[in-house]
Amino acid sequence: MSVGHTEVTDSPVVSCGEEHEDCGIREVLDRIGDKWSVLIVVELAQGVRRFRQLQRAVPGISQRMLTLTVRRLERDGLLARTVHPTVPPQVEYELTATGRSLTHLVRALADWSAAHRDSIARARRAWDAEHPDSGIR
């Protein structure tokens, strides 16, 4: 939204033509929005990391899930994997240019989250008080 923009519009945020067409956007957002990908992108934004460094930097991620996530990010062209011919093989990961272009968006989301954390917490408390048996948390 531009600084001078004050109107509320009815137009969709993303429009691909047909009403239910998603232009492939859902697939990309599913990858970027999954539980682990953003955390890995955030870590790699700080520089090249080895597998174990990534695993230590992302608490709670299993070896299998880290392997799957970095492979998916590599497949999507967001990170590059380099294998050094040592014994045992040394593997390093780094963001590609496309992956680096994502970091400013992740930063904007983190900034937005920090700026709205208190109001979201208040809204949740109010909603929970009105709906004590909802089971939603």
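Which residue's side chain meets that of Asp-76 in a salt bridge? The partner is Arg-31, with N and O 2.7 Å apart. Keep in mind that this is a predicted model. The protein has 137 residues, and 18% of them count as buried. Here's a quick tour, topic by topic.

**Overall layout**

- You'll find five helices and three strands in the protein.
- Going along the sequence, the pattern reads α-α-β-α-α-β-β-α.

**Salt bridges**

- The count of salt bridges comes to three.
- Back to the opening pair: Asp-76 sits in the loop between helix 4 and strand 2 (79-84), while Arg-31 belongs to helix 1 (residues 25-32), so this bridge ties together parts that are 45 residues apart in sequence.
- The two partners differ in how much surface they show: Asp-76 is partly exposed because its relative accessibility is 34%, whereas Arg-31, at 17%, counts as buried.
- Another bridge joins Glu-43 and Arg-49, whose closest N and O atoms are 2.7 Å apart.
- Buried or exposed, what are Glu-43 and Arg-49? Both are buried.
- Then there's the bridge between the side chains of Asp-111 and Arg-107, at 3.5 Å from N to O.
- Asp-111 and Arg-107 both belong to helix 5 and are four residues apart, about one turn of the helix.
- That spacing fits a general rule: an α-helix has 3.6 residues a turn, so residues three or four places apart point the same way.
- As for accessibility, Asp-111 is partly exposed, with a relative accessible area of 41%, and Arg-107 counts as exposed at 55%.

**Helix 2 and its buried face**

- Which residues of helix 2 (residues 37-44) are buried? They are Ser-37, Ile-40, Val-41, Glu-43 and Leu-44.
- Looking down the axis of helix 2, these buried residues fall within an arc of 160°, so they line one face of the helix.
- Glu-43 turns up twice in this tour: it is one of the buried residues of helix 2, and Glu-43 also forms the salt bridge with Arg-49.

**The largest pocket**

- The largest pocket holds about 210 Å³ of space.
- Its lining is made of 13 residues, and those nearest the centre are Phe-51, Arg-81, Pro-89, Val-91 and Tyr-93.
- Helix 3 (51-57), helix 4 (63-75) and strand 3 (90-95) each supply at least two residues of that lining.
- Which element gives the largest share of the lining? That's helix 4, with five residues.

**A nonpolar patch on the surface**

- Leu-109, Trp-112 and Ile-120 form a nonpolar patch on the surface, and together they have about 290 Å² of accessible area.
- One of the patch members, Leu-109, lies in helix 5 (residues 97-130).
- Why does Leu-109 count as exposed? Its relative accessibility is 53%, and a residue is called exposed when that value is over 50%.

**A cis peptide bond**

- Most peptide bonds are trans.
- The bond from Val-87 to Pro-88, however, is cis, with omega near -10°.
- Where is Pro-88? Look for Pro-88 in the loop between strand 2 and strand 3.

Key. Residues are numbered from 1 along each chain as its sequence is written. This is a predicted model: local features need pLDDT of at least 70, side-chain atom pairs count only at pLDDT 80 or more; totals for chains, interfaces and linings use all residues. Side-chain values use heavy atoms; hydrogens and water are left out. Patches are made of residues with over 30% relative accessible area and no salt bridge: like charges are joined within 9 Å, nonpolar side chains (Val, Leu, Ile, Met, Phe, Trp, Tyr) within 5 Å. Accessible areas come from the Shrake-Rupley method with a 1.4 Å probe; for residues, only the protein chains shown count as cover. A salt bridge is a side-chain nitrogen of Lys or Arg within 4 Å of a carboxyl oxygen of Asp or Glu. Buried means under 20% relative accessible area, exposed over 50%, partly exposed in between (1.4 Å probe, protein chains only). The arc is that of the directions from the helix axis to the C-beta atoms. On a 1 Å grid over the protein atoms alone, a cavity is a set of points where a 1.4 Å probe fits but cannot get out, and a pocket is an open set with protein on both sides within 12 Å along at least five of seven lines; lining residues have an atom within 4 Å of a point. Grid points are joined across faces, edges and corners, and a volume is the space filled by probe spheres set on the points.
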